[in-house]
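Student: I've got a protein model open and I'm a bit lost. Could you show me how to read it, one feature at a time?

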Amino acid sequence: MADEENTSSEEQALADEWAAALAEAGDADQDDIDAMLAAQEQPKPAAPRAPMEEFGSAPLPGVGLPAGLDGPNLDVILDIPVSISMEVGNTDITIRNLLQLNQGSVIELDRLAGEPLDVLVNGTLIAHGEVVVVNEKFGIRLTDVISPSERIKKLR
């Protein structure tokens, strides 16, 4: 619940900044706005990317045991934290409509009521599920899990 309150206040602060910026722009024409945006844009250097290798193809020196006949040694990665989220749906709206949102506003999503939720791990779809309540807390019951081979295909 605290995360939702923090997110709401952060979203409200962002909306207030946009409203102030739009009010400042007032009667400025599009060329002035484009010039301001171009002046603020600074290209970020791309992070170097390592080539993708088959997991377990070459054992890392000094880390765990080498890959055996049964597959790679997964102990190396079991304690890595990942972010899991459930997506009810999504939609695209204009900034004008975004700035008009307030408490009680309703946003129509691209999903029908009763459709399964998407379960994402670090932004990658891994399953579908339905909302359940356990001990007065929300949870999700997985109804369909994407196969590991399909998940790897989506990464490439």
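Tutor: Sure! Let's start with a word we'll need: two residues are in contact when heavy atoms of theirs lie within 4.5 Å. And keep in mind that this is a predicted model.

Student: Okay, so which residues is Asp118 in contact with, leaving aside its neighbours within four places in sequence?

Tutor: Asp118 touches Ser85, Met86, Glu87, Arg111, Leu125, Ala127 and His128, once those sequence neighbours are set aside. Asp118 itself lies in strand S2, which covers residues 117-121.

Student: Is Asp118 buried or exposed?

Tutor: The idea is to compare relative accessibility with a cut-off: under 20% means buried. Asp118 comes in at 13%, so Asp118 counts as buried. Across the protein chain, 10% of the 156 residues count as buried.

Student: And what about Lys154?

Tutor: Between 20% and 50%, a residue is called partly exposed. Lys154 has 48% relative accessibility, so Lys154 falls into that group. You'll find Lys154 in helix H4, residues 148-155.

Student: Back to Asp118. Which side chains make polar contacts with the side chain of Asp118?

Tutor: Here you look for pairs of N or O atoms within 3.5 Å. One such contact, of 2.4 Å, links the side chains of Asp118 and Arg111. Another, at 3.0 Å, runs between the side chains of His128 and Asp118.

Student: Where does His128 sit?

Tutor: His128 is part of strand S3, residues 124-134. Beyond its neighbours within four places in sequence, His128 has contacts that include Pro116, Leu117, Arg141 and Ile146.

Student: How do strands get together in a sheet?

Tutor: In general, strands of a sheet pair through backbone hydrogen bonds, and they can be parallel or antiparallel. In this model, four strands form an open sheet in the order S1-S2-S3-S4, paired antiparallel. Strand S1 (84-87) and strand S4 (137-145) are at the edges with a single partner strand each, so one side of each has no neighbour in the sheet. From one strand to the next, the twist averages 40°.

Student: How many bridges join S2 to S3?

Tutor: Five, with S2 and S3 running antiparallel. For a concrete pair, find Leu117: the bridge partner of Leu117 in S3 is Gly129.

Student: What pattern does the chain follow along the sequence?

Tutor: Write α for a helix and β for a strand, and you get α-α-β-α-β-β-β-α. That's four helices and four strands.

Terms used:
Residues numbered from 1 in each chain as written. Predicted model: local features only at pLDDT ≥ 70, side-chain atom pairs only at ≥ 80, totals over all residues. Heavy atoms only, no water. Helix = DSSP H or I, 4+ residues; strand = E, 2+ residues; numbered from the N terminus. Buried < 20%, exposed > 50% of the residue type's maximum accessible area, 1.4 Å probe, protein only. Polar contact = N/O pair within 3.5 Å; in protein donor to acceptor, adjacent residues only side chain to side chain. Pairing = 2+ DSSP bridges. Axes fitted to C-alpha atoms, helices over the stretch in contact; angles between N-to-C directions.
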